[in-house]
Amino acid sequence: MIDSGFETKSLRMELLLLVTFQAPASDVDRIMEAVVAIAPLSTGKYDSNAYQSAHGIERYRALEGAAAGAETELRRRHGTVEVSFELPDDQALAARIVEAIFQVHTYQEPVIRIQPILTSRSKRLDDRSNPNRWWNTTGDWKKTAPPVREDA
């Protein structure tokens, strides 16, 4: 693995921390509010940057000592998502974020992971004429794009 950043013409690759947690989809806004209260999750001219996966199924069985009590059957919780975001490579900040997630999470044992990663940061060059940028293809990305016709 490359353990330090590097640059290309258009971007820098920086060493950051990738924080990932799993939670019921209904809990994500509350958890992310606690995170953003500590770190704005800024990337360039944007903040509150995070990724949330589609709903999945979490599988587990409670053992002796679990808050739910020991169970014999495997549970399947539908509607669980995975959320990830990047932080500066700062252990004290990461510790504050992990503690905040733990405190507002509904699980007794929340799944929280931290990995060092290299991630891209644009040099913000003038690319207004780049035909691949959203403003030169679909216009305003906030508008709904027309449906794609499969028979076209």
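These legends go with close-up views of a predicted model.

**View 1. Helix 1 and helix 2, side by side in opposite senses.**
Here we're looking at helix 1, residues 28-38, and helix 2, residues 91-104. Their axes come within 9 Å and cross at roughly 155 degrees. Angles over 145 degrees count as roughly antiparallel, so that label goes to helix 1 against helix 2. As for handedness, helix 1 passes helix 2 in a right-handed crossing.

**View 2. The residues where helix 1 meets helix 2.**
Zoom in on the side of helix 1 that does the touching and you'll find Arg-30, Ile-31, Ala-34, Val-35 and Ile-38. Across from them, helix 2 brings Leu-93, Arg-96, Ile-97, Ala-100, Ile-101 and Val-104. Sorted by class, this contact has nine nonpolar residues, two charged ones and no polar ones.

**View 3. The largest pocket and what sits around its centre.**
There's about 1000 Å³ of space in this one, and 32 residues line it. Nearest the centre are Thr-43, Gly-44, Tyr-46, Arg-121 and Ser-122.

**View 4. Strands in the lining of the largest pocket.**
Same pocket, now with the secondary structure in mind. Strand 2 (11-24), strand 5 (75-88) and strand 6 (112-122) are the elements that each give two or more residues to the lining. Strand 5 gives the most, with five residues. The lining is a mixed bag by class: 14 nonpolar, 10 charged and eight polar residues.

**View 5. The second largest pocket, with strand 4 and strand 5 in its lining.**
This pocket has a volume of about 400 Å³ and a lining of 15 residues. Look for Tyr-60, Ala-62, Tyr-107, Gln-108 and Glu-109, which lie nearest its centre. Two or more residues come from strand 4 (56-60), and likewise from strand 5. Strand 5 also turns up among the strands lining the largest pocket. Split by class, the lining of the second largest pocket has eight nonpolar, five charged and two polar residues.

Methods: Residues numbered from 1 in each chain as written. Predicted model: local features only at pLDDT ≥ 70, side-chain atom pairs only at ≥ 80, totals over all residues. Heavy atoms only, no water. Axes fitted to C-alpha atoms, helices over the stretch in contact; angles between N-to-C directions. Helix = DSSP H or I, 4+ residues; strand = E, 2+ residues; numbered from the N terminus. Parallel < 35°, antiparallel > 145°, perpendicular 65-115°, else oblique. Left-handed = near helix turned anticlockwise from the far one by under 90°. Contact = heavy atoms within 4.5 Å. Nonpolar A, V, L, I, M, F, W, Y, C, P; charged D, E, K, R; others polar. 1 Å grid on protein atoms, 1.4 Å probe; cavity = no way out; pocket = protein on both sides within 12 Å on 5 of 7 lines; lining within 4 Å. Points joined across faces, edges and corners; volume = space filled by probe spheres on them.
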